[in-house]
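This report describes a single protein model, with attention to its charged pairs, its sheet and its interior space. The sequence and coordinates are shown first.

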Amino acid sequence: MQLTANAQAVAYLASAVLFILALKGLTHPRTARRGNFMGMLGMAIAIGATLMGSEVQSYGFIIAGIVTGAIIGAVLAARVQMTAMPQLVAALHSFVGMAAVLVALGTYVNKAKAGMLNPVLMGELSAGIVIGAITFSGSAIAFGKLQRLISGAPFLFKGQHLLNALLGLITIGLAVHFAMTESLLSLVLMTVLAFILGVTLIIPIGGADMPVIISMLNSYSGWAAAATGFTLGNNVLIIVGALVGFSGAILSYIMCKAMNRSIVNVIFGGFGSDGEGGSSPAAAAMEKGVKAASVEDALFWMEDANQVIVVPGFGMAVAQAQHALKELMELLEERGVPVKFAIHPVAGRMPGHMNVLLAEADIPYDRVFEMDEINPEFATTDVVLVVGANDVTNPAAKTDPSSPIYGMPILEVGKARHVYVIKRSMRPGFAGVENLLYYQDNCSLIFGDAKEVCEDLVTALKGGGH
């Protein structure tokens, strides 16, 4: 069965509407499941309409690719841990980038043989190759940093900004020359330099900025898909690419605002290195030492607290402690102690990381609050339990002008009466910055695995507490 051009256009329009509704649904945890369903339905319609279009002459390679991709995707989805989701997303972005490059190269070869090349098509091919290559290699570096295959610290060297600027200008010049002359040499050089540019752009970026970079690469992958859509003359691919490109760019802006930094500062700042700071407040606080506490100490104050606020971070994700926290919440609320969860926009390793983990444990959405909503409540809260969060609770962002994170809005947990932080060790967070919170008089650290500590708290509560 073949669809007419008009029928295919209607199907593509329906897909586009579903994609827009999917993005709308994904803006809130309550509607995220529905948004995911709409997105999948829209993609199924788009794929079906494309396969039934007149331009498809053979299904052999297409079916083989779909089956192979479906098997790989299903296996990855079943096996991947939530802690590894950011690097999986980075890997998927790289696939989109490479697909754009391969489609553009394949189109060039086929159109060149048929003598159908023209300046407009050449410009589309150039855009697809450059954006796709940068997306692929940049996402591969982001994956390596997140997976700890390479250091998460920024790799900085003298003249790197000048190098990136030169690479960018030369790449653009080659793209223009290729579009005007169809030069194979320009095509090869442009492609190679774009791959190199992706590496040199992302390698200097420190681990603390990885959530923003993941979002930015998501935007790049959208523009790569849109460029591919123009190359193939596929309207739905153009629409989807534009939606992803713009939404990723907007999300990057929102996250930069949450960190009180500009996107230029993120890309060129090299944030995430270990600071010198010998005479900084962090160095002075280190001399004071920290207070260690036990599960019983924390429980003593929790049982009679006017409110407990839980601040989850990447440590919770690593330990998979969200289910134990759900049980702890239920037990405390049975005793009349309200429990809320505070989420920082850049907590974890990707946008929404903590929200997904809490939803996975069926923690009610009305218990989860964003930073701006919850910050005014810390000053009147008896107990805050920080579970693996580090950089997003660091008072240095407000008090230490020499700190790399100075100016970044934080969860103001230090204003609470008692703060208990669950940590494995005294190692700094992903930003490589010492957390001044740990040296405050009202803060105590409970050393251990987050899941085990939370389970110990649950066990103690079930046993009657104090």
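A residue counts as buried when its relative accessible area is under 20%, as exposed when that area is over 50%, and as partly exposed in between, with a 1.4 Å probe and protein chains only. The model is predicted, so local features need pLDDT of at least 70 and side-chain atom pairs count only at pLDDT 80 or more, while totals for chains, interfaces and linings use all residues. Residues are numbered from 1 along each chain as its sequence is written, and side-chain values use heavy atoms, with hydrogens and water left out.

## Salt bridges

Side chains of opposite charge can pair when their charged atoms come close. Here a salt bridge is a side-chain nitrogen of Lys or Arg within 4 Å of a carboxyl oxygen of Asp or Glu. The count under this rule is nine salt bridges. Three of the pairs are set out below.

| Pair | N to O distance | Relative accessible area |
|---|---|---|
| Glu330 and Lys326 | 3.4 Å | Glu330 35%; Lys326 16% |
| Arg367 and Asp366 | 2.8 Å | Arg367 22%; Asp366 44% |
| Asp449 and Arg424 | 2.7 Å | Asp449 14%; Arg424 60% |

Helices (H or I, at least four residues) and strands (E, at least two) are DSSP runs numbered from the N terminus. Glu330 and Lys326 are four residues apart in helix α14, and therefore about one helical turn separates them. Glu330 is partly exposed, whereas Lys326 is buried.

Both members of the second pair have intermediate accessibility: Arg367 is partly exposed, and Asp366 is partly exposed. These two residues also belong to a network of salt bridges that includes Glu333.

In the third pair, the side chains of Asp449 and Arg424 form a salt bridge. This contact links distant parts of the chain, 25 residues apart: Asp449 is in the loop between β6 (443-447) and α18 (450-462), and Arg424 is in the loop between β5 (418-423) and β6. Asp449 is buried, whereas Arg424 is exposed.

## The sheet

Strands of a sheet pair through backbone hydrogen bonds, either parallel or antiparallel. Two strands are taken to pair if DSSP finds at least two bridges between them. In this model, six strands form an open sheet in the order β3-β2-β1-β4-β5-β6, with parallel pairing. At the edges are β3 (368-370) and β6, each of which pairs on one side only. From one strand to the next, the twist averages 25 degrees; axes are lines fitted to C-alpha atoms, for helices over the stretch in contact, and angles run from 0 to 180 degrees between N-to-C directions.

The parallel strands β5 and β6 are joined by five bridges. Within this part of the sheet, Val419 stands opposite Cys443 in β6.

## The cavity

On a 1 Å grid over the protein atoms alone, a cavity is a set of points where a 1.4 Å probe fits but cannot get out, and lining residues have an atom within 4 Å of a point. Grid points are joined across faces, edges and corners, and a volume is the space filled by probe spheres set on the points. A search of the whole structure yields one cavity of 30 Å³ or more, and the largest cavity holds about 30 Å³ of space.

Which residues line the largest cavity? They are Met302, Val308, Val310, Leu325, Leu328, Met329, Leu332, Val339, Phe341 and Leu385. The elements β1 (308-312), α14 (322-334) and β2 (339-343) each supply at least two residues of this lining, and α14 gives the most, with four residues. By class, the lining has 10 nonpolar, no polar and no charged residues, where Ala, Val, Leu, Ile, Met, Phe, Trp, Tyr, Cys and Pro count as nonpolar, Asp, Glu, Lys and Arg as charged, and the others, Gly among them, as polar.

## Individual residues

Two residues other than glycine deserve a note on backbone geometry. Glu182, in the loop between α6 (160-181) and α7 (184-202), has a positive phi near 60 degrees and is partly exposed at 36% relative accessible area. Gln320, in the loop between α13 (314-319) and α14, has a positive phi near 55 degrees and is partly exposed at 21%.

Gly229 lies in helix α8 (residues 210-232) and is buried, with a relative accessible area of 0%. Gly229 and Glu124 are 105 residues apart in sequence and 9.2 Å apart in space, C-alpha to C-alpha.

How values were computed. 1 Å grid on protein atoms, 1.4 Å probe; cavity = no way out; pocket = protein on both sides within 12 Å on 5 of 7 lines; lining within 4 Å.
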